[in-house]
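Q: I am new to this structure and should be grateful for a close look at one part of it. Please take a single element, describe what surrounds it, and then place it within the protein as a whole.

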Amino acid sequence: MAEKTTSTRYAVVTGGNKGIGYETCRQLASKGVVVVLTSRDEKKGIEAIERLKEESNFTDEHILFHQLDIMDPASISSLVNFIKTKFGRLDILVSAIYHSIQF
């Protein structure tokens, strides 16, 4: 049986609630990519989604939020299950998280 092909692409952007991650989400969504903006802080992530929707007229079909803490295996599993259930695949993964190391 042949696989159904679709032109829709799906992306996850870690650290999408601010800075480079936020702009990456905006740019990808403006190109027709369905974007899952992730953030450790749920409140900040939802606020970022609302700003993007207001600024660029995106809808829930363009950009979604999912909480993600890349240091927490349960959080990662939750995102993986969400992507599998909602889209069935992932085409783009952008890690826009900056970690400063202090000595």
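A: A convenient place to begin is glycine 32, which follows helix 1 and has a positive phi, near 90°. The element that precedes this glycine, helix 1, is the part chosen here. The model is a predicted one, and every value below is computed from it.

Helix 1 comprises residues 19-30, twelve residues in total. From its first C-alpha to its last it reaches 17 Å, which is close to the 16 Å expected at 1.5 Å a residue.

The next matter is how the helix is turned with respect to the rest of the protein. Gly21, Tyr22, Thr24, Cys25, Leu28 and Ala29 are its buried residues. These residues lie on the same side of helix 1 because they cover an arc of only 160° around the axis. A general property of helices helps in reading such a list: an α-helix has 3.6 residues a turn, so residues three or four places apart point the same way. On the face turned away from the buried side, helix 1 carries the exposed residues Gly19 and Ile20.

What does the buried side of helix 1 pack against? Its buried residues pack against strand 1 (10-14), strand 2 (34-39), helix 2 (42-56), strand 3 and strand 4 (92-95). These partners belong to a protein with three helices and four strands, arranged along the sequence in the pattern β-α-β-α-β-α-β.

Helix 1 also takes part in the largest pocket, which holds about 410 Å³ of space. The elements that give two or more residues to the lining of this pocket are helix 1 and strand 2. Helix 1 gives the most, with three residues. The lining consists of 20 residues, and those nearest the centre of the pocket are Gly15, Asn17, Lys18, Arg40 and Ile97.

Several residues elsewhere help to describe the elements around the helix. Threonine 14 is in strand 1, one of the strands against which the buried residues of helix 1 pack. Because its relative accessible area is 6%, under the 20% limit, threonine 14 counts as buried. Apart from neighbours within four places in sequence, threonine 14 is in contact with Thr38, Leu68, Ile70, Val94, Ser95, Ala96 and Ile97.

Strand 3, another packing partner of helix 1, spans residues 63-67 and includes histidine 66. Histidine 66 is likewise buried, at a relative accessible area of 13%. When residues up to four places away in sequence are set aside, histidine 66 touches Val36, Leu37, Thr38, Ser39, Ser78, Leu79 and Phe82.

Serine 75 belongs to helix 3 and is buried, with a relative accessible area of 6%. Beyond residues up to four places away in sequence, it touches Gln67, Leu68 and Asp69. The C-alpha atoms of serine 75 and arginine 40 are 9.2 Å apart, although the two residues are separated by 35 positions in sequence. Arginine 40 is one of the residues nearest the centre of the largest pocket.

The loop between helix 3 (73-86) and strand 4 contains phenylalanine 87. Is this residue buried or exposed? Phenylalanine 87 is buried, with a relative accessible area of 15%. Leaving aside neighbours within four places in sequence, its contacts are Tyr10, Val34, Val36, Leu64 and Phe82. One of these, valine 34, is 53 residues away in sequence, while the C-alpha atoms of the pair are 9.6 Å apart.

A contrast is offered by asparagine 57, in the loop between helix 2 and strand 3. This residue counts as exposed because its relative accessibility is 65%, over the 50% limit. Most residues other than glycine have a negative phi. Asparagine 57, however, has a positive phi of about 60° although it is not a glycine.

The protein as a whole may now be considered. Of its 103 residues, 35% count as buried. Among contacts in the protein with a separation of 6 or more, 63% are made by residues 24 or more positions apart. The accessible surface comes to about 7,000 Å², and 52% of that surface belongs to carbon and sulfur atoms.

In short, helix 1 has its buried residues on the same side, carries Gly19 and Ile20 on the face turned away from that side, and gives three residues to the lining of the largest pocket.

Methods: Residues are numbered from 1 along each chain as its sequence is written. This is a predicted model: local features need pLDDT of at least 70, side-chain atom pairs count only at pLDDT 80 or more; totals for chains, interfaces and linings use all residues. Side-chain values use heavy atoms; hydrogens and water are left out. Buried means under 20% relative accessible area, exposed over 50%, partly exposed in between (1.4 Å probe, protein chains only). Contact means heavy atoms within 4.5 Å. Accessible areas come from the Shrake-Rupley method with a 1.4 Å probe; for residues, only the protein chains shown count as cover. The expected span of a helix is 1.5 Å times one less than its number of residues. The arc is that of the directions from the helix axis to the C-beta atoms. On a 1 Å grid over the protein atoms alone, a cavity is a set of points where a 1.4 Å probe fits but cannot get out, and a pocket is an open set with protein on both sides within 12 Å along at least five of seven lines; lining residues have an atom within 4 Å of a point. Grid points are joined across faces, edges and corners, and a volume is the space filled by probe spheres set on the points.
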